[in-house]
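Here is a short, friendly tour for anyone meeting this structure for the first time. Keep the view open and follow along.

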Amino acid sequence: MKNALITGINGQDGSFLAELLLEKGYNVYGILRRKSVVDYGNVEHIKDKINFIYADMTDVVSLINAMKISQADEVYNLAAQSFVATSWEQPILTANIDALGVTNILEAIRFVNPKCRFYQASTSEMFGKVQAIPQDENTPFYPRSPYGVAKLYGHWITKNYRESFGLFTCSGILFNHEGERRGKEFVTRKITDTVARIKLGVADVLELGNLDAKRDWGHSKDYVKAMWLMLQQDEPDDYVVATGETRTVREFVKIAFEKVGIKIEFSGEGVDEVGKDESGRVLVKVNPKFFRPAEVELLIGSPAKAEEKLGWKREISFDEMVERMIEKDLYLVGREIALAGKKN
Ligand code: NAP
Ligand code: F7E
């Protein structure tokens, strides 16, 4: 039985990866941060099967301790301040976690068990102002946010420890991946949650920022399989994981509303653009509050290397992903309404 240590286990990807590794018979260890209220987040449903260790990416001693306790054969570093918008508000914290935190965990591995294999959660945000279309493993980086810059450090230090010390380290350059467990501040989940609220009569309007931004959106459950595959290869390497399709935020909005039987037409331009239903009711507005100081306008990745060398293939289509998210949000909002009714 192999031991796996997952940082960021209670996040979106951590939860799907924990399920995958449990299915494969791993002993799963997961790092949690101490909070005033105990919160298992997305792994609440499997918490009895996971060995939790309290640690923090900014505290190398706690990571050495986690390595000793877990005796990990594989470490998946998923912990991050992962919300791009917040990285302008908390750039130092973002760098401490997303950049130096990677060095902390690599040093912990080097100190406790240099044979341990390591996965780093790199990101398409490193491509930022894209230098080629589609983006692949050879595309030059040009990050556009403190998050992207911090992740680029994490990416290079992962490569550097492979080349300097012979550690088995891999970076997965993952494009956006979403799902029912996505945080509600990210645009896809914000849309599906608000669409469900509008459908069920507890919200009036969806306010968004840049509707023109294009993203390559896949499902998290598919993407964690690629993480595992990378660590099962004979040689460590870096891989892009993407769908090869791109859509605007506006297109995502239209499709999400269609799933609940509402047809949206957009009209107007810039901050005056609105989305109306067939009766003319305004359901979507632009709010400049959600614009970013610098934007990543277009992402579309080529998964060719991952498909060829890892045998990875996505199974959940874009349409199925939106469907799953909408269904789950209709259920969750419905339950919230029912509970509120009982209290009154
Ligand atoms: P997520 O849901 O935001 O999860 C992030 C996790 O990191 C949470 O468990 C969080 O714990 C933990 N964390 C944050 N700061 C920490 C710290 N100082 N010490 C220990 N743990 C800390 O993110 P995700 O979507 O699952 O993404 C997983 C990883 O992939 C992240 O590194 C992200 O940057 C990267 N990535 C994501 C995507 C995507 O589209 N989802 C694409 C490319 C790369 P708390 O609950 O305590 O905050
Ligand atoms: O934004 C635009 C926004 O916050 C997507 C993280 O997982 O993927 C994620 O980063 C796009 C941007 O994700 C709103 O301006 C418009 O262009 O959902 P997001 P992200 O910034 O792409 C990468 C790969 C990661 O690595 C990150 O960790 O949507 N947008 N209106 C909006 N975005 C948000 N959040 N909210 C809006 O109202």
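A polar contact here is a pair of N or O atoms within 3.5 Å; within protein, one must be able to donate a hydrogen and the other to accept it, and residues adjacent in sequence count only if both atoms are side-chain atoms.

## Before we start

This is a predicted model, in which local features need pLDDT of at least 70 and side-chain atom pairs count only at pLDDT 80 or more, while totals for chains, interfaces and linings use all residues. Residues are numbered from 1 along each chain as its sequence is written, chains are lettered from A and ligands numbered from 1 in the order in which they are written, and side-chain values use heavy atoms, with hydrogens and water left out.

## Around ligand 1

Let's begin with ligand 1. There are 24 residues around it, and Asn10, Asp13, Arg33, Ser82 and Tyr147 come nearest (a residue is near if one of its heavy atoms lies within 4 Å of the molecule or strand). The side chain of asparagine 10 has an N or O atom 2.6 Å from an oxygen atom of ligand 1. Two backbones join in: an N or O atom of glycine 11 lies 3.2 Å from an oxygen atom of the ligand, and one of glutamine 12 lies 3.0 Å from an oxygen atom of the ligand. Ligand 1 exposes 900 Å² when taken alone, and the protein buries 89% of that (areas come from the Shrake-Rupley method with a 1.4 Å probe; for residues, only the protein chains shown count as cover).

Which strand gives the most to the shell around ligand 1? That's strand 5, with 3 residues. Helix 1 (12–23), strand 5 (117–123) and helix 5 (146–165) each supply at least two residues of this shell; helices (H or I, at least four residues) and strands (E, at least two) are DSSP runs, numbered from the N terminus. By type, the shell divides into 9 nonpolar, 9 polar and 6 charged residues. In this scheme Ala, Val, Leu, Ile, Met, Phe, Trp, Tyr, Cys and Pro count as nonpolar, Asp, Glu, Lys and Arg as charged, and the others, Gly among them, as polar.

## Around ligand 2

Now for ligand 2, which has 22 residues around it, with Ser82, Tyr147, Lys190, Arg292 and Glu295 coming nearest. Two arginine side chains each put an N or O atom by a ligand oxygen: arginine 182 at 2.9 Å and arginine 215 at 2.8 Å. Valine 187 uses a polar backbone atom instead, 2.8 Å from an oxygen atom of ligand 2. On its own ligand 2 has 700 Å² of accessible area, and the protein covers 95% of it. Its shell is made up of 9 nonpolar, 6 polar and 7 charged residues.

## The seven-stranded sheet

In what order do the 7 strands of the parallel open sheet run? They go 3-2-1-4-5-6-11, where two strands pair if DSSP finds at least two bridges between them. Strand 3 (51–54) and strand 11 (238–241) are the edges, each pairing on one side only. On average, neighbouring strands here are turned by 20 degrees against each other, direction ignored (axes are lines fitted to C-alpha atoms, for helices over the stretch in contact, and angles run from 0 to 180 degrees between N-to-C directions).

For a closer look, try strand 1 (residues 3–7) and strand 2 (residues 27–32), which pair in the parallel sense over 5 bridges. Threonine 7 stands opposite isoleucine 31 in strand 2.

## The four-stranded sheet

Another open sheet has 4 strands in the order 8-15-14-13, with mixed pairing. Its edge strands are strand 8 (206–208) and strand 13 (265–267). Strand 13 and strand 14 (residues 274–276) pair in the antiparallel sense over 3 bridges, and phenylalanine 266 has glycine 275 in strand 14 as its bridge partner. Helix 6 (residues 187–199) packs on this sheet, touching strand 8 and strand 15 (282–286); contact means heavy atoms within 4.5 Å.

## Two backbone oddities

Most residues other than glycine have a negative phi, and most peptide bonds are trans. Glutamine 71, not a glycine, has a positive phi of about 50 degrees, and is found in the loop between helix 2 (60–70) and strand 4 (74–77). A cis peptide bond joins isoleucine 133 and proline 134, with omega about -5 degrees. Proline 134 is in the loop between strand 5 and helix 5.
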